[in-house]
Structures are given as C-alpha cells and as structure tokens.
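Here's a quick tour of the open and enclosed spaces in this protein, plus one pair of helices that pack together. Have the structure open as you read.

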Amino acid sequence: MKQTDIKELIKWYTENKRDLPWRRTTDPYKIWISEVMLQQTRVETVINYYTTFIKELPTIKDLAQVSEDKLLKLWEGLGYYSRAKNLKKCAEQVIQLGLTNLPQEEDVLKNLPGIGPYTAGAILSIAYQKQVPAIDGNVMRVLARVYEENRSILENKVRKSYEETLQKLMPENYTREFTEGFIELGARVCLPKGNPLCEQCPLQKCCQAYIHSKVLDYPVKKVKTKRKTEEKTVLIFAYHKTYAITKRKESLLNGLYGFPSYPYKMSLEEITEKLIKEQNINCTIVPLEETKHIFSHIEWHMTNYLINLQDPPVKDNFYSKEEILSKYSLPTSFRKIFIKISEYDIL
Ligand code: ADE
C-alpha cells in the first residue's frame, strides 16, 4: 500500500461514510463508549444504546459516579456485561487521576482497565488525531487480502506487525478518516466469506489477493497448534560401506525411505542390551551426534547410532551411499544424519 492508495481510501470514506451518532463528535469519552459497544455488537443495535447512554451519562465523571444498577440497566440486552463494568472502573481511575477525560498518552491509556491496543488506537486516532492505528478483526481481514498475508490473522504477532505498517502509512492530518476508513471498508465492502464487493473497493489497485484472484483464500485463520515433540532412536546398520534402509509405513513420510528406529530415546547401554544381548547381533555400536528435525506439527529429537555389523546381513536392504542418495527418497531428517556420517569419516 502506498500513500496514493491511502488517499483513495480516505476519499472513498469521506464520500461513502454512514452518518452514525459517534461520527458527529470528537469527544474521546463518547468515541470510547461507541467503540466498546461496537466490539461485540452490530452497528444497528448500538445506535439506540449509544444515544441513550450518552444522554444519561454525558461525561466520564457521570459514568464514574453512576450506580452499578443503573449502568447495567443501560447495558441491558447488549451482552458481555464485563464491558460495562470495566467502563465504570476505567472512568473511576481517570477521575482519580484528576483528569476530565481519557488521557492522550498511549502508554497511560493502554494501562487503564478494559483498554486494549484496538480501543486505545481508536480513541487516539479518531478523537486525538494521533498516529496510532486501530486493528480489529475487520481491519485485519482487509490487510490480509491487500498483502496476501499467509500467516494466521489470529496470531498476535501478525496483528502487531500490521500496527507498524499502518502507523507508517497514517497521514498526520487524517488520522480519523484513516482509522474509520479501514473500519468502514471492512464492514461494507471487504466482507467476509463469499461476499466481498471488490468492484466498489478503493484499494482494488493495490490488493494483491484481488490482483491474483485469490480474495476468498484470505484471511487465513488457522490457530497455530503447538508442535508435539517426539523422541526417536535411529539405527544406521552398516556392513562394508553399505547401509540398511526401509520403506516407511507410518503416515508421516509414508512411502519414503528411512533408517530403522524406535519411537523413544535409548541410551548406549539400552541399545547394546537390545541388539547384542537380546538379538545376538555381532556388531559394534557408535553413538552419533543427536539431531533435531522440525515438521509442521511434530518435532523429532533423534538419538542416532551407527551399528557396524561384523557378519553379513541376513536382509537384502543394504545399499551403497551413492545408491541411497541417488535412487531412494531419503527425507531430510534422515539424510542429515547420513551425510554427517560421511563427513566425520567414521566408515
Ligand atoms: N465498528 C467498530 N468501530 C466502528 C466505528 N467507529 N464505526 C462503525 N463501525 C465500527
């Protein structure tokens, strides 16, 4: 996005914005009340609640002094009642600080109860003309499409990275139109799922998803699952510079080749016990460097051993290094160990 695109957005917003009661004020208190009400509630529903609320409690001092009963009555039917309780708590703190309205310092504002990065950005850019962006789910959808963002928009660090992007793009004299422009675009044009109205969009020229006909592929919303760690003990059986490989039957790397392994970590003593004592294999066992391999959902922590057979192997799955590397699909997780063996020249 360039400054010319932002100009298009602001022009579009100025010409197309809905006439909403909180758009007729610059009072930070009123902007704040509207933003908190709008967080989980539709615009049409908020209009009446907002109008009554502001008529009953026109200043932050009135909110600080209102009884909880009256406050909850004003909020009745809006749901998420902790929003209302936090509003009052916040108002009380502001009055205790000796202020007559919300503070305009970003760090002070963000430390007040119930004020997160979105609400702070909205108050600062809409009411105080400060270059602090406000990114909610709707704005994030617009950005994910414009930039073809492949990371999940549910990730905090993704939203944070766009705060920086938007801050740089926000014009000093149009902070309100900038923030409300993105909000309005997300609500009226860049609609979720199957109905974005791209023909009407002022950001069409710079929207990467639109340019590549991929609008419906964005935003990506996957919740990042934490990777599971699996311990493995990998055995590289060797005989006269040939090595045993097996075709994998497991779902992960199915059909590729690998080295025989146990799905847990084994010490040198344990592996010696298993191969030499239990299975009577005539061999020497060399512990190799431990390796790690990261897949999308699993991380393998691999304990590796080279098993030098003293007698000819009974199985026919032994091949030379050249043959393995050129003919068989050995995935990186195993290839890394195999290459290391030759680097160290142990064979
Ligand atoms: N949703 C969140 N903030 C809004 C605003 N200022 N105007 C319209 N809808 C919104």
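## The largest pocket

Keep in mind that this is a predicted model. Its largest pocket has a volume of about 710 Å³. A total of 34 residues line this pocket, and those nearest its centre are Phe237, Thr246, Pro260, Ser261 and Lys315.

Where does the lining of the largest pocket come from? Four strands each put in at least two residues: β1 (228-239), β3 (246-247), β5 (261-262) and β8 (298-309). β1 has the largest share, with five residues. Sorted by class, the lining of the largest pocket comes out at 17 nonpolar, nine polar and eight charged residues.

## The second largest pocket

Next up is the second largest pocket, with about 580 Å³ of space. It's lined by 23 residues, and Leu38, Thr41, Val43, Asn138 and Ala187 are the closest to its centre.

Here the elements giving two or more residues to the lining are α2 (28-38), α3 (43-56), α9 (137-146) and α11 (175-188). α11 gives the most, with five residues. As for chemistry, the lining of the second largest pocket has nine nonpolar, five polar and nine charged residues.

## Two helices side by side

α3, which helps line the second largest pocket, also pairs up with another helix. The axes of α3 and α5 (residues 68-75) come within 9 Å and cross at roughly 155°. How do the two helices run relative to each other, roughly parallel or roughly antiparallel? Angles over 145 degrees count as roughly antiparallel, so that is the label for α3 and α5.

On the α3 side, Tyr49, Thr52, Phe53 and Glu56 make the contact, and they meet Lys70, Leu71, Leu74 and Trp75 of α5. That gives a contact with five nonpolar, one polar and two charged residues.

## Closed-off space

What about space that a probe can't get out of? The structure holds two cavities of 30 Å³ or more. In the largest cavity there's about 120 Å³ of space. Its lining is made of 15 residues, with Arg145, Cys190, Cys198, Cys201 and Cys207 the closest to the centre.

α9, already seen in the lining of the second largest pocket, turns up here too: α9 gives the most to the lining of the largest cavity, with three residues. By class, the cavity lining splits into 13 nonpolar residues, one polar and one charged.

Note on methods. Residues numbered from 1 in each chain as written. Predicted model: local features only at pLDDT ≥ 70, side-chain atom pairs only at ≥ 80, totals over all residues. Heavy atoms only, no water. 1 Å grid on protein atoms, 1.4 Å probe; cavity = no way out; pocket = protein on both sides within 12 Å on 5 of 7 lines; lining within 4 Å. Points joined across faces, edges and corners; volume = space filled by probe spheres on them. Nonpolar A, V, L, I, M, F, W, Y, C, P; charged D, E, K, R; others polar. Axes fitted to C-alpha atoms, helices over the stretch in contact; angles between N-to-C directions. Parallel < 35°, antiparallel > 145°, perpendicular 65-115°, else oblique. Contact = heavy atoms within 4.5 Å.
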